[in-house]
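Could you look this one over before you set anything up on it? My notes are below, in no special order.

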Amino acid sequence: MKTILSLVLTTLFSLSFFAQNNVKNDSVTRLNEVIVVDTLTAKNAIGIIPSQTIGATTFANYSPVDFISSINQISGLYALSGALNTNRITIRGVGSRTLFGTDKLRLYYNNIPITNGTGSSTIEAFDLENLTSIEVIKGPKGTGFGTNLGGAIILNTKQLSDQPTKFSNNTTIGSYGLFKNSLGFTHAQKDFYMTFQYGHMEIDGYRDNNRFERDGFLLNTIFKISEKSEIGLLVNHIDYSAQIASSLNQEDFNEDPTQAAFTWGSAKGYEDNNYSLIGLSHTYRASSKLKNTTSLFYTYLDHYEPAPFNILDEFTNGYGIRTLFTGNVLISDNVFKYTFGAELYKDEYSWGTFENLYRDNNGNGSLQGDRLSQNKEFRNQINGFATATYSFTNKFTAQLGLNINKTQYDFRDLFNTAQNNTSANRDFNTLFLPSLDINYAITSTNQLYANVSRGFSNPSLEETLTPDGIINPDIAQETGTNYEIGIQHRSKDNRLKLEVAAYIMPIKNLLVAKRVGDNQYIGRNAGKTKHQGVDLDWSYRINLTNKITISPFISYTYSNHKFIDFTDEEADEDYSENALTGVPKNKVNSGIQTNFGNGLFANITHQFVDEIPLTDSNSLYSDSFNLLNIKAGYKKQITEKLRLGLDFGINNLTNKKYAQSVLINASGFGGNAPRYFYPGNNINYYGGVKLHYTL
């Protein structure tokens, strides 16, 4: 580890020294949008300490299909992707023990909460081409965004209200039968703004039983009622169907990574999803010192998934309200800023399982049989939050925050009767979660900051129930405290950016999902972990001539996460002091973006992921890997109204065989070897054509 860290730091400071001492051309140049590396932002959703935001410049490094590579460029975050519909996001190690999907963080879409009642988020339900930026709050310091231990991710849609009326179309084709088309329309006038995006994507996939097809649209409108008041309407809908190849054991992974897991291939397993989000928001500016934004929202998910062990049919209705007041007053010649608000989220989750008779279906895949279960769960969560910020001097600012959380589950068994009925309630304790932020401006371009904040994670659905469908009355919420210090530096000409953050976050009542059968798990609280590490982001823009610029960047994550007190009583094993399962110790994302000033650009990106412990005993690790991607493109204004863009890219340039996602503590059933690995794609290609027409 010391060797790798030394190499990274040496490279950073060597590049900085070269750039500052050997590049003499400091003339102001009109730059293409792909040059300014936007991973660091001073203004953010949480106040006086930085969050991290990526936008168009980061998205330009990758294919518009590749959501995961874009967010993996953020330090402290690692996203694993078993397929386009099988993603798991971990932030500073939190969420690494989740077997499938993303939880223990809060996901927002234009500040509307879209994480369900048990903390599960599905980022694959959103189209990257509909977003202008993604903001990531690492850890529980986002007082107004749920204070989950993993943090929060805020997806922001296109809201370029000062743009002219225009049509746009982006078509991408590529390997594995990839076809993606995104059609957009934007209109703006004095009191009204609207954008509409429609997208279609289909791809056969690298593996067997791996086809993915998605259609979706986004409508975003803003009506200005008066100088003080405006209303916004957001409608997002995604309909996708995805075959499931599932994970492979070591032998199958080595022999042929393109194959599907045998049972999933035999059942022709897949999932079919319809997801809708409707949000209505109102913003009222009472004065220059007080503003309120209130949003009403509704979400609907219809999910059908034939798996080898059963067929799951479920739907979720979610709805709620979020209100936020922001204001400021003058105290002793200094500004006192405050926020307060609340977020109420309720959902009704209905699901049932059926027999899958694929073995009796003459090789035609899944066939629904008799019902096995029918359940409904009502889930309520309330977050109240407030912050108070005061600048004691022109250099020193402090912010105090408090989040109050209350969560309740009401589980209804609609299938079993009498003594076999498993209906139950679970009412978690009210949590009071304070935070303290301080920021000291050493100079106008150098800041020191620190944070202490409490956070929590709710049990997932699997963790609240036993295999018999009974709510576990002993399961408790995870809680932890984040301690973080950092420095943020920008050069006076804004070409050099450096941010380093170090943190320690002990977590108690660690939630563990233990596998006891084929797709059967039980949850329990199994001790303590300590999450500690360093996040580092560096970028520099070098003007080689008044037209040619290059922008190298590095995002580095060091994760030294450990079990502090963790004993598996059934196995009679003490795993204390072992590395936390599912997290690479080192992750590096780096690259160079080059702009030639005549519309031509070329980007190269690299990712290194260290080996990952796959078992709590640390007896098995995945292999580390390096990935290399390149992308080049050309943009030209054909006429006064028509703009053309072309691009071409190659992913996994060296054709590396690697696992893009892994399962932890996998078990083999029926004499089969445990399946730990989701193979990543081999070398693949894509190309795109973009057209923008202004009316």
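Here are my points on this structure, which is a predicted model.

1. Start with the sheet near the N-terminal end of the numbering listed here: β1-β6-β7-β4-β5 is the strand order, and these five strands make an open sheet with mixed pairing. Its edges are β1 (52-55) and β5 (112-113), each of which has a partner on one side only.

2. At the β5 edge, the neighbour is β4, residues 106-109, and the two strands run antiparallel with two bridges between them. If you want a residue pair to look at, Tyr109 sits opposite Ile112 of β5. As a reminder, strands in a sheet pair through backbone hydrogen bonds, in either a parallel or an antiparallel sense.

3. On to charges. How many salt bridges does the model have? The count is 20. The background is familiar: side chains of opposite charge can pair when their charged atoms come close.

4. The pair I'd open in the viewer is Glu484 with Arg92, a salt bridge with an N to O distance of 2.9 Å. Glu484 belongs to strand β22 (residues 478-490) while Arg92 is in the loop between β3 (86-91) and β4, so this contact ties together parts 392 residues apart in sequence. Are the two partners buried or exposed? Glu484 is buried because its relative accessible area is 4%, under the 20% cut-off. Arg92 is buried too, at 3%.

5. That pair isn't on its own, either: Arg92 and Glu484 belong to a salt-bridge network that also takes in Lys138, Lys141 and Asp535.

6. Arg92 comes up once more for its backbone. Its phi is near 50°, which is positive in a residue other than glycine. Most non-glycine residues have a negative phi. Ser246 is another case, with a positive phi near 65°. Ser246 sits in the loop between β12 (229-243) and α4 (250-255), and at 9% relative accessible area it is buried. Arg92, too, is a loop residue, between β3 and β4.

7. Two other salt bridges give you contrasting settings to check. Asp204 and Arg211 meet at 2.6 Å, N to O. Asp204 is partly exposed at 40% relative accessibility, and Arg211 is also partly exposed, at 27%. Glu377 and Arg379 form a salt bridge too, with their closest N and O atoms 3.9 Å apart. The cut-off is 4 Å. Here Glu377 is buried at 0% relative accessibility, and Arg379 is buried at 2%.

8. For the surface, there is a patch of negative charge made up of Asp565, Asp572, Glu573 and Asp574. Where is Asp572 placed? Asp572 is in the loop between β30 (567-568) and β31 (573-574). With a relative accessible area of 66%, Asp572 counts as exposed.

9. The surface also has a nonpolar patch: Leu400, Leu436, Ile438, Val452, Tyr483 and Ile504, which together have about 510 Å² of accessible area. Leu436, one of these, lies in strand β20 (residues 431-443). Its relative accessibility is 41%, so Leu436 is partly exposed, falling between the 20% and 50% limits.

Methods
Residues numbered from 1 in each chain as written. Predicted model: local features only at pLDDT ≥ 70, side-chain atom pairs only at ≥ 80, totals over all residues. Heavy atoms only, no water. Pairing = 2+ DSSP bridges. Helix = DSSP H or I, 4+ residues; strand = E, 2+ residues; numbered from the N terminus. Patch = residues over 30% accessible without salt bridge, like charges linked within 9 Å, V, L, I, M, F, W, Y side chains within 5 Å. Areas by Shrake-Rupley, 256 points an atom, 1.4 Å probe, with all protein chains shown as cover. Salt bridge = Lys/Arg side-chain N within 4 Å of Asp/Glu carboxyl O. Lys, Arg positive; Asp, Glu negative; His and termini not counted. Charge placed at Lys NZ, Arg CZ, Asp CG, Glu CD. Buried < 20%, exposed > 50% of the residue type's maximum accessible area, 1.4 Å probe, protein only.
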